[in-house]
Every structure is written in C-alpha cells, then in structure tokens.
Amino acid sequence: MRIDVADIKHEVGSYKVTDLAITLEPVELGGAEVGFGRPFTGTAKIWNLGDRLLVQAELQGEARLTCSRCLCEYTHPLSVSFEAEFVEREPGADEPVVEDEEESDKDVSFYSDDVVDMTEVARDNILLALPMKPLCSEFCKGLCPRCGKDLNEGPCGCDGGVEESVDPRLAVLRDLLRKPDANS
Ligand SMILES: [Zn+2]
Ligand SMILES: [Zn+2]
C-alpha cells in the first residue's frame, strides 16, 4: 500500500487522511500457516512533522488461525491501531541516522520518491496483534490426547478406558500439560 505524500511534504504541519487497503501474504507462525482472507482496511492520517512524517493508522481485518487446542481453522477478527514514523531517504544516499530512535517507541521507517509504503509497518503491527495461543473459543475442549477425537463434537468414549485408570481431575491436569507441544 503506497501513499503519495508529495502534497504534504513541503509544508510542516500539514497532513492528509487516506483510506488503507492492505493485502498480506500468508505467514508461518509457530509451525502453522496464518492466512488473511481479505485485505485489511482502515484509514491513515499522515502528518508532516518537519524532519519526518508521522502516520497514525487504524486497520480492521481477520486472520485464519489454527486453534492450539483442537487444531481446527477459524477466523479471528483483528483490529489494530498504531503509529509509525517515516524519514526521507535521498535517492542513492546511505540510510539516514535517526538520532532519537532509541527514545522513540515508534517504528521508524524510510521513504523516498515522495511515496510512503505502509505494507511493512502494517504487517508488523498486525502480526504483533495475533494471539500467542490461538483458541477457536475459550470453551474449546481440544482433542482427546489418547484417540485424537475432537471433544467439541462430543465425548470420544475412550475416557475412563480399562487400560488406564487416572483420577479424572489429574487427567485434566495431565491433558493441560500435554497440550502445548502435543504436535511437535
Ligand atoms: Zn479449538
Ligand atoms: Zn479418546
């Protein structure tokens, strides 16, 4: 998503508001592919701060995630808002030194040819907003650790089986401990 900033570049304090539509390629996260069904849409406000441009953006979209308990794919709505700064890079010049970069909590990126490319900062912020442990529902029962049946569809029948008798409360605990790396 490229935004032409020629119209605000020469006047400090000027700004523009523009619609965003950002299409993301699928990414691999924690061994599972994360897809993005439709483009993320929203708005960006871009300010000319003199030595840099400040972008304030809001995006809405969705990710196709794999539930960490039952391994089903589900759609996870996402809404992110973030700020980013862009410093102009003269054509052919080295990367400019951004002196107060460490003091700033914003991402600093570079732009040239009067065009700001929002895709990378948007992707970074969207990936940060993804849950560490995706769950299709907070009530997801997960898979039976013994037979692999999706327990959201009903009991599997092997619980309390004859070959192993475990206190049901301990079994729950054991299953919780097993779950995170059950597939690796
Ligand atoms: Zn699930
Ligand atoms: Zn089972």
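pLDDT is the predictor's confidence in each residue, on a scale from 0 to 100. The views below show a predicted model, in which the mean pLDDT of the protein chain is 85 and 80% of the residues reach 70 or more.

**Figure 1. Overview of the protein chain, with two helices and nine strands.** From the N terminus, the order of elements is β-β-β-β-β-β-β-β-β-α-α. The chain has 184 residues, of which 17% count as buried. Of the contacts between residues at least 6 apart in sequence, 55% join residues at least 24 apart. Confidence is highest in strand 5, at a mean of 97, and lowest in helix 2 (residues 168–178), at a mean of 70.

**Figure 2. Close-up of strand 6 and its alternating side chains.** Leu53, Val55, Ala57, Leu59, Gly61, Ala63 and Leu65 point to one face of strand 6 and are buried. The other face carries Leu54, Gln56, Glu58, Gln60, Glu62, Arg64 and Thr66, which are not buried. Two residues of the buried face, Leu59 and Ala63, are shown in detail in Figures 5 and 6.

**Figure 3. Strand 6 between its pairing partners, strand 5 and strand 7.** Strand 5 and strand 6 are antiparallel and share eight bridges. Strand 6 and strand 7 also run antiparallel, and 14 bridges join them. Glu58 takes part on both sides: Thr43 has Glu58 as its bridge partner in strand 6, and Ser81 in strand 7 stands opposite Glu58. The hairpin of strand 5 and strand 6 has four residues between the strands, and Gly50 in its turn has a positive phi of about 95°.

**Figure 4. The largest nonpolar core, a set of 18 residues.** Leu20, Ile22, Val55, Ala57, Leu59, Met118 and Ala122 have the most contacts inside this core. Two or more residues each come from strand 2 (15–22), strand 5 (40–48), strand 6 (53–66), strand 7 (73–88) and helix 1. Strand 6 gives the most, with four residues. In soluble globular proteins, nonpolar side chains tend to be buried together. Beyond its neighbours within four places in sequence, Ala57 is in contact with Leu20, Gly42, Ala44, Ser81, Phe82, Met118 and Ala122.

**Figure 5. The surroundings of Leu59 in strand 6.** Leu59 is buried because 24 other C-beta atoms lie within 10 Å, where 20 or more are required. Apart from neighbours within four places in sequence, its contacts are Leu20, Ile22, Phe40, Thr41, Gly42, Val80, Ala122 and Ile126. One of these, Leu20, is 39 residues away along the chain, yet the C-alpha atoms of Leu20 and Leu59 are separated by 7.6 Å.

**Figure 6. The surroundings of Ala63 in strand 6.** Ala63 has 24 other C-beta atoms within 10 Å and is therefore buried. Not counting residues up to four places away in sequence, Ala63 touches Val34, Phe36, His76, Leu78 and Leu130. The C-alpha atoms of Ala63 and Tyr74 are separated by 8.2 Å, and these two residues are 11 apart along the chain.

**Figure 7. The buried residues of helix 1 (residues 119–128).** Val121, Ala122 and Ile126 are the buried residues of this helix. They lie on the same side of helix 1, because they cover an arc of only 130° around the axis. Ala122 and Ile126 are both in contact with Leu59, and Ala122 is also in contact with Ala57.

**Figure 8. Two loop residues with positive phi, Leu71 and Asp114.** Most residues other than glycine have a negative phi. Leu71 lies in the loop between strand 6 and strand 7, a hairpin with six residues between the strands, and its phi is near 70°. With 15 other C-beta atoms within 10 Å, Leu71 is partly exposed. Asp114 lies in the loop between strand 8 (107–111) and strand 9 (115–117), and its phi is near 60°. Asp114 is also partly exposed, with 13 other C-beta atoms within 10 Å.

**Figure 9. The segment of residues 160–164, where pLDDT stays under 50.** For these residues, the model has zero contacts beyond four places in sequence. Where pLDDT is low, the predicted coordinates should not be read in detail.

Definitions and conventions. Residues numbered from 1 in each chain as written. Chains lettered and ligands numbered in written order. Buried ≥ 20, exposed ≤ 12 C-beta atoms within 10 Å, placed from the backbone. Contact = placed C-beta atoms within 7 Å. Arc of directions from axis to C-beta. Core = buried A, V, L, I, M, F, W, Y, C linked by C-beta atoms within 7 Å. Pairing = 2+ DSSP bridges.
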